[in-house]
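Subject: A structure for you to look at

Hello,

I am passing a structure on to you, and below it you will find my notes on what turned up. Please open it and read along.

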Amino acid sequence: MEEEQSVVIAIHFTDGEVLEIGISEEDFERLSEEIQSNPWVEIDGSTINTSTIKYFWFYDIREDDEEE
């Protein structure tokens, strides 16, 4: 059986706020470099000022759809 896999980006802002957003594989591949090299980045339809980001990281969530 195959598990679905989602990637989440956790963004920690300089004001203490934390934003966790599920992203596509395509976004995962582009975001790390874009956040570090652009003043603004679009994530899941939201435009974020990268100067307000303290740090960010990615993690996987595995969903098991066997239970119904």
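Which helix gives the most to the negative patch, and with how many residues? It is helix H1, residues 25–37, which contributes three residues. The patch itself lies on the surface and is formed by Glu-25, Glu-26, Glu-29 and Asp-60. Glu-29 is found in helix H1, and with a relative accessible area of 62% it is exposed, because the cut-off for exposed is over 50%.

Before going further, please keep in mind that this is a predicted model.

**The overall layout**

The protein has one helix and five strands. If you follow the sequence from start to end, you will meet them in the pattern β-β-α-β-β-β. The protein has 68 residues, of which 25% count as buried.

**The salt bridges**

Searching the whole structure gives two salt bridges. As a reminder, side chains of opposite charge can pair when their charged atoms come close.

One of the bridges joins the side chains of Arg-30 and Asp-27, at 3.1 Å from N to O. Both residues belong to helix H1 and sit three residues apart, about one turn of the helix. The other bridge brings together the side chains of Arg-30 and Glu-34, at 2.7 Å from N to O. Arg-30 and Glu-34 are also both in helix H1, four residues apart, again about one turn of the helix. Through shared partners, the salt bridges join Asp-27, Arg-30 and Glu-34 into one network.

Is Asp-27 buried or exposed? Asp-27 has a relative accessible area of 16%, so it falls under the 20% cut-off and is buried. Arg-30, at 27% relative accessibility, counts as partly exposed. Glu-34 counts as partly exposed too, with 25% relative accessibility.

**The aromatic residues**

How many aromatic pairs does the structure hold? There are three aromatic pairs. Phe-56 and Phe-58 make an edge-to-face pair, with 5.9 Å centre to centre and 85° between the planes. That pair counts as edge-to-face because its angle is over 60 degrees. Trp-57 and Tyr-59 form another aromatic pair, and this one is tilted, at 5.0 Å centre to centre with 35° between the planes. Its angle is neither under 30 nor over 60 degrees, so the pair is called tilted.

Ring pairs also link Phe-28, Phe-56 and Phe-58 into a cluster.

As for how much of these side chains can be reached, Phe-58 is partly exposed, with a relative accessible area of 23%. Tyr-59 counts as partly exposed at 23% relative accessibility, and Trp-57 is partly exposed at 39%.

**Where to look**

If you would like a place to begin, try Arg-30, which takes part in the salt bridge with Asp-27 and in the one with Glu-34. After that, you could turn to the cluster of Phe-28, Phe-56 and Phe-58, and then to the negative patch with Glu-25, Glu-26, Glu-29 and Asp-60.

Happy exploring, and do write back with any questions.

Best wishes

Technical notes: Residues are numbered from 1 along each chain as its sequence is written. This is a predicted model: local features need pLDDT of at least 70, side-chain atom pairs count only at pLDDT 80 or more; totals for chains, interfaces and linings use all residues. Side-chain values use heavy atoms; hydrogens and water are left out. Rings of Phe, Tyr and Trp (its six-membered ring) pair if their centres lie within 6.5 Å; planes under 30 degrees apart count as stacked, over 60 as edge-to-face and the rest as tilted. Buried means under 20% relative accessible area, exposed over 50%, partly exposed in between (1.4 Å probe, protein chains only). Patches are made of residues with over 30% relative accessible area and no salt bridge: like charges are joined within 9 Å, nonpolar side chains (Val, Leu, Ile, Met, Phe, Trp, Tyr) within 5 Å. Accessible areas come from the Shrake-Rupley method with a 1.4 Å probe; for residues, only the protein chains shown count as cover. A salt bridge is a side-chain nitrogen of Lys or Arg within 4 Å of a carboxyl oxygen of Asp or Glu. Lys and Arg count as positive and Asp and Glu as negative; His and the chain ends are not counted. The place of a charge is taken as NZ of Lys, CZ of Arg, CG of Asp or CD of Glu. Helices (H or I, at least four residues) and strands (E, at least two) are DSSP runs, numbered from the N terminus.
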